[in-house]
Amino acid sequence: IRAKSEGRFLSLPPDAFTPDPNQPRKTFGQEEIDELRLSIEGRGQLQPILVGDRLANGKYPIIAGERRWRAISSSAVVAEVQAVIRSGEIDELHWLSMQIDENNQRVQVPAIENAMAMRRFVNICKANGGDQAYAANLLGISAGQLSKHLALAEAPPAVISLSTFGETQDVEVLYNLAKAAESNPMEVDALVDQWRSGELDGNLRQASKDLLANTKQDAKKPKNKAKSGEKVTKELAISDLDFQLAGDNYQLILITSDGKNVSYNINPELTLKLKKQINTNWQ
């Protein structure tokens, strides 16, 4: 009512509006759009979409409600889209915040797309002097939960595909797999293949949790390093340098390490023979 009294209420054909190219949501299921279209055709548009001020091309940019706009655009029954122009100044951060909130309250957005939007949100906050904790507060989620979403933005293709193709949107699962893939990408691929084939015992959430726990445990294990005072010797043979003397594999350099210092011992007699061999080959 207030929007109508203030002249901010619109009822125009679908082509009077245009989607926001920076909308976090990139995928729209056709089945969902069709269901929404039938609902609007049967009961009417119950809630107007939210738009910004008219652009230079004469169209209104959609802030929230792109699904409703798409549904009406495909309808042969409903001819106009009801919209409300957002009053007052609106910066990019506030615009993005409303879109993320709108998407999370409607049909679930792919977790990866949501993660990308949150990363952009954090970057805008930082550019304006805020930090990640400030961004989490604006989004209404915990700092830890935001960190998990941001980790998804850097996930490898095998993990991203799980969300992109709608196999799972479980943030916990995707986060566990993304973190485990930093050290054990092959094990993550194997787990995903096992789950897709139906050969996984138990559920994917627990399996991803166990895999991440094992990965962290392996990272804490001491590396095989030489203890102080313990001599470790490696040999570099002439054959390793693509040289052969009398068909034998001679030791050219002995490399010795005690865990702290490294020493190199060169066989002088063999070095002289090597020089003669090289000179002979080049003559």
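**Reading a predicted model**

Modeller: Helix α9 is mostly covered, with 9 of its 11 residues buried. This is a predicted model, in which local features need a pLDDT of at least 70 and side-chain atom pairs count only at pLDDT 80 or more, while totals for chains, interfaces and linings use all residues. Residues are numbered from 1 along each chain as its sequence is written, and side-chain values use heavy atoms, leaving out hydrogens and water.

Biologist: Which residues of α9 are buried, and what do they pack against?

Modeller: The buried residues of α9 are V171, V173, L174, Y175, N176, L177, A178, A180 and A181, each called buried because its relative accessible area is under 20% (exposed is over 50%, partly exposed in between, with a 1.4 Å probe and protein chains only). They pack against α5, α7, α8, α10 and α11, helices here being DSSP runs of H or I with at least four residues, numbered from the N terminus, as are strands, which are E runs of at least two.

Biologist: What makes the contact at the start of α9 a polar one?

Modeller: A side-chain oxygen of D170 reaches to within 2.9 Å of the backbone nitrogen of E172. A polar contact is a pair of N or O atoms within 3.5 Å, where within protein one must be able to donate a hydrogen and the other to accept it, and residues adjacent in sequence count only if both atoms are side-chain atoms; an oxygen and a nitrogen within 2.9 Å therefore fall inside that distance.

Biologist: How many residues does the largest nonpolar core have, and which helix gives the most to it?

Modeller: The largest nonpolar core (buried Ala, Val, Leu, Ile, Met, Phe, Trp, Tyr and Cys residues joined through side-chain atoms within 4.5 Å) has 25 residues, and those with the most contacts inside it include L152, V159, L174 and L177. At least two core residues come from each of α5 (111–127), α7 (143–152), α8 (157–164), α9 (171–181), α10 (185–196) and α11 (204–220), and α9 gives the most, with 8 residues. Another core, of 17 residues, lies apart from it, and has L10, I33, L36 and I40 among them.

Biologist: How do you know which strands stand at the edges of the sheet?

Modeller: Strands pair if DSSP finds at least two bridges between them. The 5 strands form an open sheet in the order β1-β5-β3-β4-β2, with mixed pairing; β1 and β2 each have a single partner strand and stand at the edges, so one side of each is left without a neighbour in the sheet. Strand β1 (residues 9–12) is joined to β5 by 4 bridges and runs antiparallel to it, whereas 3 bridges join β3 (residues 49–51) to β5 in parallel. Strand β5 (residues 81–85) is mostly covered, with 4 of its 5 residues buried. At the other edge, 2 bridges join β2 to β4, which run parallel, and F17 stands opposite Y60 in β4.

Biologist: What makes F17 and Y60 an aromatic pair, and is it stacked, edge-to-face or tilted?

Modeller: The structure holds 1 aromatic pair, F17 with Y60, at 6.1 Å centre to centre and with 40° between the planes. Rings of Phe, Tyr and Trp (its six-membered ring) pair if their centres lie within 6.5 Å, and planes under 30 degrees apart count as stacked, over 60 as edge-to-face and the rest as tilted, so this pair is tilted. It links F17 in strand β2 (residues 17–18) with Y60 in strand β4 (residues 60–64), 43 residues apart, and F17 and Y60 are buried.

Terms used. Contact means heavy atoms within 4.5 Å.
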